[in-house]
Amino acid sequence: MAETARAAGPDPTEVATHCPYCALQCGTRLAREEGRTVVRPSADFPVNWGGLCQKGWTAPALLDTPGRLTRPLVRGDDGRLAPTTWEAALDTIAARLRQIRTVHGPDAVGVFGGGGLTNEKAYQLGKFARVALGTSQIDYNGRFCMSSAAAAGSAAFGLDRGLPFPVTDLGDADVILLAGANPAETMPPLMRHLNRAQLIVIDPRRTPTAEGAALHLQPTPGTDLALALGLFHLAVVEGHADRGYVSRRTTGFDAAWARAAAWWPERVERVTGVPVADMREAVRLLAAAQRAYVLTGRGAEQHSKGTDTVAAFINLALSLGLPGREGSGYGCLTGQGNGQGGREHGQKADQLPGYRMLTDPAARAHVAAVWGVEPDALPGPGRSAYELLDALGTDGGPRALLVFGSNPVVSAPHAARIGERLGSLDLLVVADFVPSETARIADVVLPVTQWAEEEGTMTNLEGRVLRRRRLLTPPGEARSDLDVLHGLAVRLGQPGERFATAPREVFEELRRASRGGRADYSGISYDRLDAGEALHWPCPETGEGHEPHPGTPRLFLDAFAHPDGLARFAEVEHRDGAETPDAAFPLYATTGRVLAQYQSGAQTRRVPELTAAAPEAFVEVHPDTAERHGLREGATARVSSARGSTVARVRLVPSLRTDTVFLPFHFAGAGRANLITSPALDPRSKMPEFKVCAVRIEPAAAVQR
């Protein structure tokens with residue numbers, strides 16, 4: 001089998017590409033100099049304008065990190081992973097998959113993807129699951145990141161794109177409300193676009209972003225929805241609503257207002273702890289601005305009511321007439337590197353390429369024709385990410401799981417339960433470039449390429465499609481995920497030509513599959529991207545004799561994407577989270593990211609500079625709370641919920657709420673924050689409730705991490 005990662009000729013000496021981490025996808029120049037790889041920020045890429053964060057500057061350290069996976073590994077009879085050949089590894093996987101499918105049916109095999117996969121990989125993974133495996137059981141870790149905003153945005157606007165405007169538009173804003181977002185740590189280059197504006201930050205913590213804000217609203221964890229209803233209430237009763245815009249460009253206001261009318265400011269203050277004066281000032285600032293934005297992040301989304309919470313902030317934006325107006329709007333700060341493209345092309349449980357729905361007969365017919373199969377052969381929607389992981393090894397659940405670009409042992413909620421479920425499988429296969437915690441428990445580990453060793457495309461948070469370019473030949477025997485999928489598909493009886501291995505060829509098929517969908521890439525090509533065109537989807541193909549479509553950097557200026565062109569207010573009501581503090585667990589715990597680490601930490605914990613900056617799990621505690629619970633700065637604490645315990649170093653933070661502790665989720669072993677997090681799911685988005693659970697905290701003896 002050809003290894004396409006090695007088929008592109010000699011290595012170039014320098015390439016224009018993008019950072020491998022967050023959804024900004026900062027532009028970089030990657031070069032080989034004196035035997036080492038160096039990175040420089042691209043001064044002409046408008047998202048970062050020559051800036052990079054600490055992770056971006058140190059990204060080349062991943063390329064030759066110790067322990068890099070370079071040969072396939074198979075677990076032997078002695079229980080140990082041992083090197084083998086590619087042919088033996090793929091033959092083993094295919095044989096065991098055939099056996100499991102024969103005995104238990106196609107849905108006995110699951111696939112778990114990632115928001116860091118290129119568009120080509122995400123597309124091919126969804127196709128592989130539904131065509132080669134015939135399974136409905138596929139989802140991806142982006143379900144844990146942006147799914148609530150995606151559901152709320154689709155309902156409100158008829159289309160989900162993180163930012164329906166270019167990032168650079170934020171640089172001209174007068175006021176920006178950030179609900180549950182901390183870009184000063186999670187995406188620092190974005191801050192240069194926010195520095196002009198007055199920031200209103202909603203966050204239970206006084207984060208670095210909140211430190212620089214004009215106004216910080218610090219609600220009780222789990223009460224963001226009540227706060228959003230209160231802000232909407234104030235916008236209406238104090239005369240700030242744009243009645244002409246509401247009448248002309250929206251529908252559903254009356255039903256939404258009927259709910260919000262009951263959330264008068266004093267009631268909201270009792271529920272959230274946010275002073276009425278601060279709420280009133282936030283609305284005044286937004287309403288007085290000529291250019292204003294409402295942006296949501298994970299803090300608003302990762303709740304069992306996350307979709308309704310985001311919808312409530314969209315209601316606020318709609319009442320002020322912001323969405324669909326140049327210079328103002330609503331947006332979601334998408335998190336993962338390809339979190340946008342990764343949710344558009346088929347690795348979600350209920351979707352087909354082009355952001356088509358799997359239950360739509362016309363969508364099934366279109367995609368099936370591109371794939372050369374019958375529409376009825378495509379399975380229906382499957383389980384969402386947590387539901388899929390929770391069902392592993394159970395009656396009626398998958399008996400085998402293939403994991404690409406994800407580390408659920410660390411990243412999934414109720415992590416001990418998920419570790420048990422993974423351990424119960426008949427077959428666990430992990431494709432990764434480092435030995436993540438999930439790879440270490442796999443039956444077969446496949447070494448795959450990483451960002452600087454492959455070609456492809458990514459779609460950043462503003463819906464701009466970008467080229468990832470290869471600088472290096474993969475080390476050892478590492479292969480592209482596309483090669484892996486091809487090799488398995490052929491062994492499972494598929495014609496080889498159905499699963500291309502060249503990224504450009506896969507993208508050409510993706511273009512055809514997305515044609516006419518909400519996320520239409522049919523007018524985008526490698527040639528146009530390589531020529532330097534800035535192309536935001538939707539970008540439909542225009543046909544011969546017509547000028548190419550220029551892409552759509554700004555959505556909704558003339559109409560929203562619903563058939564009637566109107567945006568929808570949502571009728572939402574506040575409710576408590578799945579857990580609230582009680583005598584046994586008297587505190588709230590919330591989780592999040594820190595500057596020097598990323599996601600599950602499988603990559604960043606291997607970079608010495610980043611590990612030096614953030615070496616271990618910690619828990620932020622207010623000094624008064626620490627004193628009540630017998631804790632001191634630097635001591636080891638045990639934080640426990642109804643699901644289990646984690647251990648972390650105590651950091652005393654006077655600005656934190658006294659009823660709240662905070663833990664970053666990047667660390668492994670006994671320091672996993674997700675050992676305590678709640679698996680309660682949003683009923684619409686199926687987002688787990690990472691952002692709030694009830695805990696107790698107490699001193700702990702030093703524990704091996």
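Where does Thr604 lie? In this predicted model, Thr604 sits in the loop between β22 (587-592) and α22 (608-613). The residue is buried, with a relative accessible area of 0%. Its contacts, leaving aside neighbours within four places in sequence, fall in several stretches of the chain. Tyr21 and Lys55 are among them. So are Ala596, Gln597 and Tyr598. Leu610 and Thr611 complete the list.

The nonpolar interior was examined next. The largest nonpolar core has 119 residues. Within this core, Phe128, Leu177, Leu231 and Leu446 have the most contacts. Helix α8 gives the most to the core, with 10 residues. Phe128 touches Leu133, Leu402, Leu485, Leu488, Ala489, Leu492 and Phe499, not counting residues up to four places away in sequence. A second core is separate and has 49 residues. Phe45, Val167, Ala173 and Phe618 are included in this second core.

Helix α8 also takes part in a helix pair. Residues 224-237 form α8, and residues 306-319 form α14. The two helices pack at an angle of about 15°, and their axes are 8 Å apart. An angle under 35 degrees counts as roughly parallel, so α8 is roughly parallel to α14. The crossing of the two helices is left-handed. On the α8 side, the contact is made by Asp224, Leu225, Ala228, Leu231, Phe232 and Ala235. An α-helix has 3.6 residues a turn, so residues three or four places apart point the same way. On the α14 side, the partners are Asp308, Thr309, Ala312, Phe313, Asn315, Leu316 and Ser319. By class, the contact comprises eight nonpolar, three polar and two charged residues. Leu231 therefore appears both in this contact and among the residues with the most contacts inside the largest core.

Helix α14 recurs in the surroundings of α4. Helix α4 spans residues 147-157. Nine of its 11 residues are buried, so α4 is largely enclosed by the rest of the structure. The buried serines of α4 are Ser147, Ser148 and Ser154. Ala149, Ala150, Ala152 and Ala156 are also buried in α4, as are Gly153 and Phe157. The cover over these buried residues includes two helices, α13 (298-301) and α14. Strands β13 (329-332) and β21 (567-568) also contribute to the cover. Gly158 follows α4 and has a positive phi, near 85°.

Conventions:
Residues are numbered from 1 along each chain as its sequence is written. This is a predicted model: local features need pLDDT of at least 70, side-chain atom pairs count only at pLDDT 80 or more; totals for chains, interfaces and linings use all residues. Side-chain values use heavy atoms; hydrogens and water are left out. Axes are lines fitted to C-alpha atoms, for helices over the stretch in contact, and angles run from 0 to 180 degrees between N-to-C directions. Helices (H or I, at least four residues) and strands (E, at least two) are DSSP runs, numbered from the N terminus. Angles under 35 degrees count as roughly parallel, over 145 as roughly antiparallel, 65 to 115 as roughly perpendicular and the rest as oblique. A crossing is left-handed if the near helix is turned anticlockwise from the far one by less than a right angle, and right-handed if clockwise. Contact means heavy atoms within 4.5 Å. Ala, Val, Leu, Ile, Met, Phe, Trp, Tyr, Cys and Pro count as nonpolar, Asp, Glu, Lys and Arg as charged, and the others, Gly among them, as polar. Buried means under 20% relative accessible area, exposed over 50%, partly exposed in between (1.4 Å probe, protein chains only). A nonpolar core is a set of buried Ala, Val, Leu, Ile, Met, Phe, Trp, Tyr and Cys residues joined through side-chain atoms within 4.5 Å.
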